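Dear colleague,

I am passing on the structure we spoke about, and my notes on it follow below. Please read them with the coordinates open beside you.

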Amino acid sequence: MLYTEIVTILADLLAEFDSERPVHKEFQPGIGPFGETQIVGEVAKRLSSNGFAARPRRTPDLDLQSEWAIEFKIVRPFGDNGREAEDWSQNLLHPYPGNVSLIGDAIKLLELTNYPHKGLFVIGFEHEPAKISLDPLLDSFELIARDIMKITLGDRIEERRGILIHPQHQVLRCIGWEVIG
């Protein structure tokens with residue numbers, strides 16, 4: 001399966017989940033407030049019910065068909081309360097092995113030898129129109145990953161879905177890169 005197909009399937013599953021008006025803890029309805037662990041678990045459950053062998057793991061976040069190792073990150077410039085979140089961009093950019101950023105995840109994926117394919121997947125949220133665009137963050141991630149950390153990434157793949165249920169997390173941006181090497 002191509003990574004472009006996986007990104008599309010995941011975007012559709014996340015939009016479907018959002019349409020069910022799920023509630024996480026005491027937050028407003030919608031998928032925006034959910035954490036990475038909860039989202040990956042829900043994705044794995046929905047993939048499995050659609051005939052895919054999918055299971056959440058510690059590393060990688062998602063094992064898909066024992067063929068794809070996929071690491072996820074969530075990027076939300078705004079919290080449930082409508083205020084700009086602190087340190088929201090560091091989930092992608094911290095360029096050191098062993099940390100929890102997307103760059104750290106790419107390094108972890110390169111160390112896995114039992115998967116023929118590896119992918120990074122960002123679940124990003126914006127307003128409609130965007131109050132803070134994710135584009136500078138995504139461009140910065142690619143620059144640091146490729147030019148500074150020398151990580152070979154495939155082309156950026158993106159699927160957008162919206163308007164979502166949550167008043168702060170209105171547009172879902174699903175962005176993926178295959179990690180090559």
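**Rings, and one helix**

Lysine 131 lies over the face of phenylalanine 78, at 5.9 Å from the ring centre. Please bear in mind throughout that this is a predicted model.

Turning to contacts between rings, the structure holds four aromatic pairs, of which I describe two here. In one of them, tyrosine 3 and tryptophan 68, the ring centres are 4.8 Å apart and the planes meet at 20 degrees, so the pair is stacked, the cut-off for that being under 30 degrees. This pair links distant parts of the chain, since tyrosine 3 belongs to helix H1 (residues 3–19) and tryptophan 68 to strand E3 (residues 68–75), 65 residues apart. Tyrosine 3 and tryptophan 68 are both buried.

Phenylalanine 17 and phenylalanine 34 form an edge-to-face pair, with 5.3 Å from centre to centre and 65 degrees between the planes. Here too distant parts of the chain are linked, with phenylalanine 17 in helix H1 and phenylalanine 34 in the loop between H1 and helix H2 (36–49), 17 residues apart. Phenylalanine 17 is buried, as is phenylalanine 34.

As for H2, its 14 residues should span 20 Å at 1.5 Å a residue, and this agrees with the end C-alpha atoms, which are 20 Å apart. The buried residues in H2 are Ile39, Val40, Glu42, Val43, Ala44, Arg46 and Leu47, and their cover includes H1, strand E1 (54–56), strand E2 (62–64), E3 and strand E4 (117–126). Just after H2, glycine 51 adopts a positive phi of about 90 degrees.

With best wishes

Key:
Residues are numbered from 1 along each chain as its sequence is written. This is a predicted model: local features need pLDDT of at least 70, side-chain atom pairs count only at pLDDT 80 or more; totals for chains, interfaces and linings use all residues. Side-chain values use heavy atoms; hydrogens and water are left out. Rings of Phe, Tyr and Trp (its six-membered ring) pair if their centres lie within 6.5 Å; planes under 30 degrees apart count as stacked, over 60 as edge-to-face and the rest as tilted. Helices (H or I, at least four residues) and strands (E, at least two) are DSSP runs, numbered from the N terminus. Buried means under 20% relative accessible area, exposed over 50%, partly exposed in between (1.4 Å probe, protein chains only). A charge sits over a ring if NZ of Lys or CZ of Arg is within 6 Å of the ring centre and within 35 degrees of the ring normal. The expected span of a helix is 1.5 Å times one less than its number of residues. Contact means heavy atoms within 4.5 Å.
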